[in-house]
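Biologist: I should like to learn how helices, strands and cores are read from coordinates. Might we take them in turn?

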Amino acid sequence: MSNKQMLDGRGGFLARLNMLETLVLAGISLVAIAGLMLVGKGFYMKAKAEVSQVLLKRSFEAQLHGVPNVKPWPWADFSTEAEITAPRIGKTAIVLSGASGEALALGPARLANTPAPGELGTSVIAAHRDTHFRWLKDVKPGDLLVVTRKDGTNLTFRAGSSRIARWDESGINADAPGRNLALATCWPFDATEQGPLRYIVQAELVSDAPQSKLSALPRPVQLPVKSF
Amino acid sequence: MFVDTEIGAATPRRQYTPYVEYLLVAALVVVTIMLFFVMGFFSEASAETGQGRPQHFAGYVHPNDVGTGALLFPSKEPGSFVEAPRLATDVQIDVNGPILRTRVTQRFRNPSKGWVEGTYVFPLPENSGVDTLKMQIGDRFIEGQIKAREEARKVYEEAKAAGKKTALLEQQRPNIFTNQVANIGPGETVIVQIEYQSSVHQSGGEFSLRFPMVVAPRYNPDPIVQTVDLDPSSGYAVSDPVPDRDKISAPVLDPAENAKINPVTLTINLNAGFPIGTVATPFHATDVQTVDDMARVISLKSGSVPADKDFELSWRAAAGRAPYAGLFRETVDGKTYLLGFVTPPADEAATETTPKREVVFVIDNSGSMAGKSIEQARDSLALAISRLRPEDRFNVVRFDDTMSVHFPSLVPATPDKREDAIAFVRGLTADGGTEMLPALEAALRTQGPIEPGALRQVVFLTDGAIGNEAQLFDEISKNRGNARVFTVGIGSAPNTHFMTKAAELGRGTFTLIGSEDQVAARMGELFNKLENPAMTDIAVTFDGANAQDITPNPMPDLYRGEPVVLTAQLDGTSPAGKLQITGKTGDQPWRVEMDVAKASQGNGIAKLWARRKIDDLEANAYAVNDAATLDREIETVALTHHLVSRVTSLVAVDVTPSRPAGEPVASTDVPLNLPEGWDFEKVFGKKMLPEGQRKASLDQAEEQAMLVADRMAAAPTARAASLIAEAGNQVNLPQTATLADRYILIGLMLLAVAVMAASTFGLWRWQMRGLILEARSRVQ
């Protein structure tokens, strides 16, 4: 529409259009508005994911330092579970509990039917491939993943193989022996469709690393708050 | 296409211009519509790809499909299981007043020639817990022992490291009992015995119990059973993608034939605690023996077990107007446990007038209710509003992180007000956070005084996803006044703990609605309570006996069709004294006294007390600052009474008595050297059938076993079997792609189209102007 104003260059442009032309213009503007709204919605989802992580991080840290009843924002109705860090890639994210669509929009989430990280069995943390787990494709076998639980326990996992599986054929057994972690996100990474395939990174608890309280450790490498 | 229209527009003939304009408009419309189609098409396509693959072939089952105790083996179809042939089932149920104690013993066989790891699954009734697990696998005996969670884990790890057979059961899902059974050798039999405690269901003066007996869907000929996958939190419902299911369905077993192959024996010792009027078993033929006017022994007639019906037993009290109270006791470890119950009048006419009601409905429409939950909540609430009578008054409050009260104050429930409120409820969508406190305050404090003679009721529909429980409990206990707070739990995983406790503090009841099809039935039960309060202000005192713990505390109101059951722990093995229960029916005071010494003996009372004690402790967690202390208290009670809880687990350890060297390994069918106190006799039973029939049924059993063996994924070694089992027991992953990128992409495409169209339009206008100017100059 700006083109027209440029072309015309004078006021009263609309007044000189006949009815059909007005209709045509209205149609064009409708398409443009729909486009703008969709773009806006897309960016809103991304912004929500980023901003919520910043707030979550703040409340999680307060929680670690023993402040009771911290909430990332006043009406939040979920709990933060842990912080996951990939030191080599320099990414970190706050993990929520229960992977409902609502929680996943805000951060990675541990599936409610799997144990907490560090407990016996396989803990599964899932997150969106286009926001919080965008970095999952960069995790290589042998990478260390540090999980700080809300009770302050620091756990180190070593990433093993990664694979691609259907959502209903994950091959992940929550009760499998050992203390394992599986990170899952959607695959392929660059697709824009919601598909049935998932990318899974398996990780094992590094047992020789002492499970120490966070307070006993110097603060880990200062990592960027932004985590996407 | 724009190029074409441009050429058309370029024709230097004035009269064609409108035609060209029409063309342009049409082109734009077509483009727009196409775009919408493209978007619509994509979203549909993604919905399709989200669906699962064929999962429920006939003959294959999922743990959640199981309608009775079953041993499942991994099948060749990944993610599905086959049922092990059930050789025998014995059920013994003891009914003690409102307590049920059930012992199920089942014998299964591994029909294949390989090793396999199975999963024993038993669908438990609500509010019940397994406390005993005994197994025999081949020639090994395994017994579940209650240990503190951490300790159980240690035992498990140690046993596993030592290469022993072991299993660990932790409390994860409340109403399905599952337990891995490892290392079942070729042709071995497996015997599983579990004992659980539950309570009698009561509704409208009828007492009933139900034992799950529906054999898995494969025996169900016509209906296509649609199931939701095992994982309750993922929310994936897998649709049935097999169009020609009838053709591939497995041989259907005739119920009568099934009874011969899977013999079931069932005995119920019914000790109702009151004179029994009628006893009925609607779906099965039974023999009923009368012991005295309060007791019956019911047993299943042999060979009459329909495979598609759960066993149901119901009994009614002989007619009587006064609430009937009963008292039982059990002595365990030097302490006496009492169970008293008060049954409301069996006669409908006892409650003549129903008082006026003032109802405040509070509905949670926060984001956590999104999806099925809000639908169920809307349906339930609409139903509740439509049940109000014109003389009742009501109001509706909805809340997320904001809240609004529909009417300025309580309004009479006239038809148009009801319509208005229902329309308001129907229009609610779930979004935002959960701020429950202001809504609760609005419901409890700002609705004006209670009219004389009216009943104030607050009905709270929520999934209870909140963090400030303590504040809410505080609000309820301080400000409820004479109001009663009823909570309705919505969705598959509501915070039952919060809602049970809130209802208890509010002297109301908690109703759980787990799925769409339960709305009508469960809400119906709630309406009965809301509309027919039977007894209020109930208090319990012990006179002359030292009662330590009375649960529940405080006593809730008594509603028609619902008993109040109290349990108490007393010092000493032979306490004396009197138990007094007082209450009010309307304005009429009521009081009953029972002599503790005269209480009749009952079993399982200590366990019931312990279970309630644990519930009470859990419910009071909000008042305890120190979580460790609470855990210790729960652990002590759970360990003493052998119950699985949040902090205690069943760990199965090998208790096989050592076999003297040289003694041959006996046939797996005969249990030699049973550990002390074990009783598997019933499932080995006498051969009841005449020889000919028995042979025929054995042939059939063999045929069925072959079928199962064919579908099983058996392994040549025990190690491989456990790997197969692990592969089958998998976690479903949630959808982890947002549509953000797609939205941005489509949005940009639309913008590009708009820009293109706009510039074409501009160009065309500009050309037209040129033409018109040219024409004018020619005319001049």
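**Reading helix α11 of chain B**

Modeller: Let us begin with burial: in helix α11 of chain B, the buried residues are B:Val519, B:Met523, B:Leu526, B:Lys529 and B:Leu530. Please keep in mind that this is a predicted model.

Biologist: Why do these residues lie on the same side of α11(B)?

Modeller: The general idea is that an α-helix has 3.6 residues a turn, so residues three or four places apart point the same way. In this case, the buried residues of α11(B) cover an arc of only 110 degrees around the axis, and therefore share one side of the helix. On the other side of α11(B), the exposed residues are B:Ala520, B:Ala521 and B:Gly524.

Biologist: Which elements do the buried residues of α11(B) pack against?

Modeller: Their partners in chain B include the strands β20 (357–364), β24 (455–462) and β25 (484–490), as well as helix α6 (372–386).

Biologist: How is the span of a helix checked?

Modeller: One allows 1.5 Å a residue; for the 13 residues of α11(B), 519–531, the expected span is 18 Å, and the end C-alpha atoms are 18 Å apart, so the two agree. For helix α2 of chain A, with 46 residues (19–64), 68 Å is expected and the end C-alpha atoms are 66 Å apart, which agrees. Just after α2(A), A:Gly66 has a positive phi of about 85 degrees.

Biologist: How should the two faces of a strand be read?

Modeller: In a regular strand the side chains alternate between the two faces of the sheet. Strand β12 of chain B (residues 206–211) has B:Phe207, B:Leu209 and B:Phe211 on its covered face, while B:Glu206, B:Ser208 and B:Arg210 form the uncovered one.

Biologist: Which strand is joined to β12(B), and by how many bridges?

Modeller: Strand β17 of chain B (residues 311–317) runs antiparallel to β12(B), and 6 bridges join them. Within β17(B), B:Ser314 is the bridge partner of B:Ser208.

Biologist: What, finally, is to be said of the nonpolar cores?

Modeller: In soluble globular proteins, nonpolar side chains tend to be buried together. Here the largest nonpolar core has 93 residues, and B:Leu71, B:Val95, B:Met135 and B:Leu338 are among those with the most contacts inside it. Helix α12 of chain B (residues 605–619) gives the most to this core, with 6 residues. Another core, of 49 residues, lies apart from it and includes B:Val396, B:Ala439, B:Ile476 and B:Val488.

Biologist: Which residues does B:Leu338 contact, leaving aside its neighbours within four places in sequence?

Modeller: With those neighbours left aside, the contacts of B:Leu338 include B:Leu327, B:Arg329, B:Thr567 and B:Val596.

Terms used
Residues are numbered from 1 along each chain as its sequence is written. Chains are lettered from A and ligands numbered from 1 in the order in which they are written. This is a predicted model: local features need pLDDT of at least 70, side-chain atom pairs count only at pLDDT 80 or more; totals for chains, interfaces and linings use all residues. A residue is buried if 20 or more other C-beta atoms lie within 10 Å of its own, exposed if 12 or fewer, and partly exposed in between; C-beta atoms are placed from the backbone. Helices (H or I, at least four residues) and strands (E, at least two) are DSSP runs, numbered from the N terminus. Two strands pair if DSSP finds at least two bridges between them. A nonpolar core is a set of buried Ala, Val, Leu, Ile, Met, Phe, Trp, Tyr and Cys residues joined through C-beta atoms within 7 Å. Two residues are in contact if their C-beta atoms, placed from the backbone, lie within 7 Å. The expected span of a helix is 1.5 Å times one less than its number of residues. The arc is that of the directions from the helix axis to the C-beta atoms.
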